[in-house]
Amino acid sequence: MINKKVNTVQDALEGIKDSMTIMLGGFGLSGIPENAIAELVTKGTTDLTCISNNAGVDDFGLGLLLQKRQIKKMISSYVGENAEFERQMLSGELDVELTPQGTLAEKCRAAQAGIPAFFTPAGYGTEVAEGKEVREFNGKMHIMELAYKADFSIVKAWKGDEAGNLIFKGTARNFNACMAGAAKITIAEVEELLPVGSLDPNEIHIPGIMVQRIFQGEKFEKRIEQRTVRKRN
Amino acid sequence: MALGKEEIAKRIAKEVKDGYYVNLGIGIPTLVANYVRTDIAVEFQSENGVLGMGPFPFEGEEDADIINAGKQTITTLPGASFFDSALSFGMIRSQKVDLTILGAMEVAENGDIANWKIPGKMVKGMGGAMDLVASAENIIVAMMHVNKAGESKILKKCSLPLTGVGCVKKVVTELAVLEVTPKGFKLLERAPGVSVEHIIASTEATLIIEGDIPEMIID
């Protein structure tokens with residue numbers, strides 16, 4: 001067994017430097033690596049390019065890095081729900097690359113799968129297609145999109161073992177499963193880190209080969225963005 | 001009488017057929033789930049990675065790890081599944097999802113749709129909308145026919161940045177049901193008590209009107 005375990009979030013983030021490109025998993029606030037984000041704020045790493053479907057909210061998730069102006073560029077599909085983000089974007093302080101969500105996922109997956117580029121119909125005929133190669137397949141127009149190149153990928157899983165194997169829970173799987181192994185170094189933050197042999201190989205979503213470092217997060221707030229419930233009758 | 005949002009959702013629910021996998025956008029489309037017939041088999045897909053979405057959870061049973069694309073806490077029904085974002089859009093692109101219902105700021109008579117950006121004012125991003133409209137076979141738009149100033153959002157040509165080209169099949173508004181045909185918008189139904197003249201006056205695009213136009217059946 002090749003042991004991927006590191007004891008602290010500080011050790012896990014070793015080597016993340018100013019101006020690097022980092023992928024961060026999560027959809028909205030669900031499944032974000034919240035311990036690693038908090039440590040990046042403490043560390044003060046700056047001029048980051050972040051690839052993440054969303055940009056958090058003002059006081060949680062990537063919003064915390066935005067507040068401290070640590071992000072130079074955001075690559076996302078949807079950035080509503082964040083006033084500070086909007087302010088920085090409209091004033092030109094923050095560079096923003098909006099990408100269709102399925103394209104964003106596939107650009108991660110392509111990097112994970114060692115595929116340099118692919119064609120998708122998403123965005124054809126829109127601003128997103130500007131400057132991109134267009135080709136027709138089966139009578140339909142497609143645009144060429146490139147795999148992402150990132151220095152680090154930080155994903156969050158529910159359970160993991162010391163070999164780096166990961167299991168996600170519910171819709172918190174989202175971009176985490178596509179980003180694992182999609183950068184030079186993948187860091188996995190898990191709610192529960194178990195000894196090898198604890199997880200059934202049949203149930204592993206991401207095999208440990210995709211993960212270089214794994215640590216158990218100290219605490220998880222797991223904030224809910226839109227709490228919607230129904231009354232019991 | 002022009003329809004309210006719930007009534008637009010009720011009318012669209014009639015388009016949901018037995019055996020359909022359906023993706024619902026944020027806003028009026030989300031309400032559609034409440035009005036789909038209960039005697040047919042339908043599964044709702046949410047692009048953040050769930051098939052077989054159920055109703056909102058009971059108070060106290062919310063789970064931060066189980067949400068829909070609107071970031072709302074949800075439940076799952078028996079037979080549900082979770083998957084990652086790449087597979088989620090894989091099933092959308094490969095047209096496994098039978099019906100996509102989404103909102104729009106503008107729709108044009110050639111089927112173009114704009115719903116993600118107002119230059120200089122609002123930029124929240126396209127989320128999954130561009131992938132959905134570029135791939136889905138059957139796209140129904142739920143939207144208001146006119147804006148608050150009374151100007152038509154059913155146009156000859158979209159003025160806002162596009163989300164997708166030539167993709168919308170049907171539009172349901174507070175005034176009418178329109179079908180996008182190769183020749184432009186065809187008026188299929190009108191809201192109860194709303195005249196054809198009123199719809200024509202509220203529509204910038206040219207409408208194809210053939211014979212008597214029936215009223216929508218809402219309930």
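## Exercises on a predicted two-chain model

Chain A and chain B bury about 4300 Å² between them, with 57% of that on carbon and sulfur atoms. The model is predicted. Work through the exercises with the structure open.

### Exercise 1: the interface by residue

Task: find how many residues each chain gives to the contact, and which residues of chain A lose the most area.

Solution.
- Step 1. Take the area leaders on chain A. Thr171(A), Thr228(A) and Arg230(A) lose the most area to chain B. Together they make up 16% of what that side buries.
- Step 2. Count the residues. Chain A supplies 52 and chain B supplies 48.

### Exercise 2: charged and polar pairs across the interface

Task: count the salt bridges and the polar contacts between chain A and chain B, then describe the side of chain A that touches chain B.

Solution.
- Step 1. Start with salt bridges. There are seven between chain A and chain B.
- Step 2. Inspect an example. The side chains of Lys231(A) and Glu59(B) form a salt bridge at 3.2 Å, N to O. The cut-off is 4 Å, so this pair qualifies.
- Step 3. Count polar contacts. The rule finds 28 residue pairs across the interface, both residues at pLDDT 80 or more.
- Step 4. Assign elements. Helix 4 (83-90), helix 5 and helix 6 (176-179) of chain A each give two or more residues to the side that touches chain B. Helix 5 of chain A gives the most, six residues.
- Step 5. Sort that side by residue class. It divides into 17 nonpolar, 18 polar and 17 charged residues.

### Exercise 3: a salt bridge within helix 4

Task: how far apart in helix 4 of chain A are Glu84(A) and Arg87(A)?

Solution.
- Step 1. Check the pair. The side chains of Glu84(A) and Arg87(A) meet in a salt bridge, 3.2 Å from N to O.
- Step 2. Use the spacing. The two are three residues apart in helix 4 of chain A, so about one helical turn separates them.
- Step 3. Set the total. Over all chains, the count is 27 salt bridges.

### Exercise 4: a three-stranded sheet

Task: give the strand order of the open sheet in chain A, and explain why strand 5 and strand 6 each have a side without a neighbour.

Solution.
- Step 1. Read the order. The open sheet of chain A runs 5-7-6, with antiparallel pairing.
- Step 2. Find the edges. Strand 5 (117-120) and strand 6 (134-137) of chain A each have a single partner strand, so one side of each lacks a neighbour in the sheet.
- Step 3. Add the twist. It averages 40° from one strand to the next.
- Step 4. Follow one pairing. Four bridges join strand 6 of chain A to strand 7 (residues 140-146) of chain A. Phe137(A) has Lys140(A), in strand 7 of chain A, as its bridge partner.
- Step 5. Place the helix. Helix 5 (residues 101-113) of chain A packs on the sheet and touches strand 5 and strand 7 of chain A. The direction of helix 5 makes about 155° with that of strand 5 of chain A.

Conventions: Residues are numbered from 1 along each chain as its sequence is written. Chains are lettered from A and ligands numbered from 1 in the order in which they are written. This is a predicted model: local features need pLDDT of at least 70, side-chain atom pairs count only at pLDDT 80 or more; totals for chains, interfaces and linings use all residues. Side-chain values use heavy atoms; hydrogens and water are left out. Two strands pair if DSSP finds at least two bridges between them. Axes are lines fitted to C-alpha atoms, for helices over the stretch in contact, and angles run from 0 to 180 degrees between N-to-C directions. Contact means heavy atoms within 4.5 Å. Buried area is the accessible area (1.4 Å probe) that two parts lose on being put together, summed over both. A polar contact is a pair of N or O atoms within 3.5 Å; within protein, one must be able to donate a hydrogen and the other to accept it, and residues adjacent in sequence count only if both atoms are side-chain atoms. Ala, Val, Leu, Ile, Met, Phe, Trp, Tyr, Cys and Pro count as nonpolar, Asp, Glu, Lys and Arg as charged, and the others, Gly among them, as polar.
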